[in-house]
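Hello,

Here is the structure I promised to pass on. Please open it alongside this message, and my notes on what turned up follow below.

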Amino acid sequence: MTSGVVVMAYGTPASADEVEAYYTHIRHGRPPTAEQLGDLRARYDAIGGLSPLREITRAQRDRLASALGDGYRVELGYKHAPPFIEDAVASLAGDIVGLVLAPHYSRGSIGEYVERLGHPTIESWHDLPEWRTFQAQAVRTALKDLPERTTVLFTAHSLPERVLADDRYPDELEASATAIADEAGLDRAAWALAWQSAGRTPEPWRGPDVLEAMAGLDTEAVLVCPQGFTADHLEVLYDLDIAAKQRADELGIAFARTAMVNDDAKVLGALADRVRTFSR
Ligand code: FEC
């Protein structure tokens with residue numbers, strides 16, 4: 001019998017016309033103001049019009065499907081854009097398991113995917129050795145072109161403090177950053193954790209934000225490793241490659257960012273093995 005796998009990701013607008021509906025969905029049905037919408041459109045324009053996230057998640061899905069082989073049907077389901085998680089579930093029959101293309105669990109992030117899927121889901125996978133090795137190699141590769149005195153900042157999407165009370169997200173982020181730093185051979189003084197992409201809402205979000213963290217460092221360069229994400233998308237291409245790079249220029253320090261996993265065959269192959277074990 002065929003097992004169904006729903007590969008879940010954040011989602012991105014398929015065209016410029018869909019940006020407003022997408023933003024409204026992220027805001028739980030409250031339409032953004034003209035200013036908020038204009039600001040988001042400007043960020044997409046700055047990275048070339050739209051985000052490459054749609055193509056990348058398709059490529060990630062294809063890698064997983066070919067690694068899983070016969071016996072599995074693998075469908076994409078997005079949190080905030082069609083095809084939604086619920087559409088993917090409706091297209092599958094029989095047993096279904098879920099996988100989110102983000103490595104760390106938070107009730108306010110993966111927990112929402114799990115609840116909407118309504119089927120057993122791998123809650124986090126940052127302990128996957130192939131993922132850790134990919135990140136450590138990405139750090140080492142990027143450091144080759146940077147000065148001796150470089151600080152590595154491991155970042156993930158911020159969440160509101162309210163959501164993080166009694167949540168394992170910060171611990172998982174610290175555990176994986178420690179493991180990557182150890183494998184990359186970094187001194188403890190050469191790296192730190194930071195947060196990024198906090199939402200534009202009035203409540204307090206977990207910090208320090210990467211832009212603030214950079215300003216407080218006594219260093220010649222910053223290398224950001226966005227360990228909380230798997231793909232090149234808006235939060236990486238704008239918040240890091242444009243906004244954080246600009247902050248580094250203002251501070252007079254060098255800046256670089258590690259390569260993303262995207263559809264890396266080794267990492268996606270190892271994730272497929274985890275799906276296979278989980279679905280047994
Ligand atoms: O490339 C793209 O087009 C999409 C990039 C994208 C990713 C992503 C990942 C995460 N988010 C997480 C949490 C929140 C919370 C809010 C929120 C808001 C936005 C907005 C945009 C956006 N997010 Fe996102 N996120 C991406 C894009 N995110 C655009 C709306 C404008 C803004 O605030 O910048 C606040 C919602 C609210 O108003 O209540 C919370 C988390 C992740 C990482 C895990 C995952 O990938 O699911 C957590 C990619």
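A good place to begin is helix α8, residues 169-184, which lies across β5 (150-157) and β6. The angle between α8 and β6 is about 140 degrees. Please keep in mind that this is a predicted model.

A second helix, α11 (residues 239-251), lies across β5, β6, β7 and β8. Its direction makes an angle of about 165 degrees with β8.

Now to the strands under these helices. The open sheet is built from four strands with parallel pairing, and their order is β6-β5-β7-β8. Strands β6 (191-196) and β8 (254-257) are at the edges; each has a single partner strand, so one side of each has no neighbour in the sheet. From one strand to the next, the twist averages 25 degrees.

If you would like to look at one pairing in detail, try β7 (residues 221-225) and β8: they run parallel and are joined by four bridges. Leu223, for instance, has Ala256 in β8 as its bridge partner.

One residue I would point you to is Thr151, which sits in strand β5. Is Thr151 buried or exposed? Its relative accessibility is 9%, and the cut-off for buried is under 20%, so Thr151 counts as buried. The side chain of Thr151 makes a polar contact of 3.0 Å with the side chain of Thr219. Leaving aside residues up to four places away in sequence, Thr151 also touches others, including Ala190, Trp191, Leu217, Ala221, Val222 and Leu223.

Happy to talk it through whenever suits you.

Best wishes

How values were computed
Residues are numbered from 1 along each chain as its sequence is written. This is a predicted model: local features need pLDDT of at least 70, side-chain atom pairs count only at pLDDT 80 or more; totals for chains, interfaces and linings use all residues. Side-chain values use heavy atoms; hydrogens and water are left out. Two strands pair if DSSP finds at least two bridges between them. Helices (H or I, at least four residues) and strands (E, at least two) are DSSP runs, numbered from the N terminus. Axes are lines fitted to C-alpha atoms, for helices over the stretch in contact, and angles run from 0 to 180 degrees between N-to-C directions. Contact means heavy atoms within 4.5 Å. Buried means under 20% relative accessible area, exposed over 50%, partly exposed in between (1.4 Å probe, protein chains only). A polar contact is a pair of N or O atoms within 3.5 Å; within protein, one must be able to donate a hydrogen and the other to accept it, and residues adjacent in sequence count only if both atoms are side-chain atoms.
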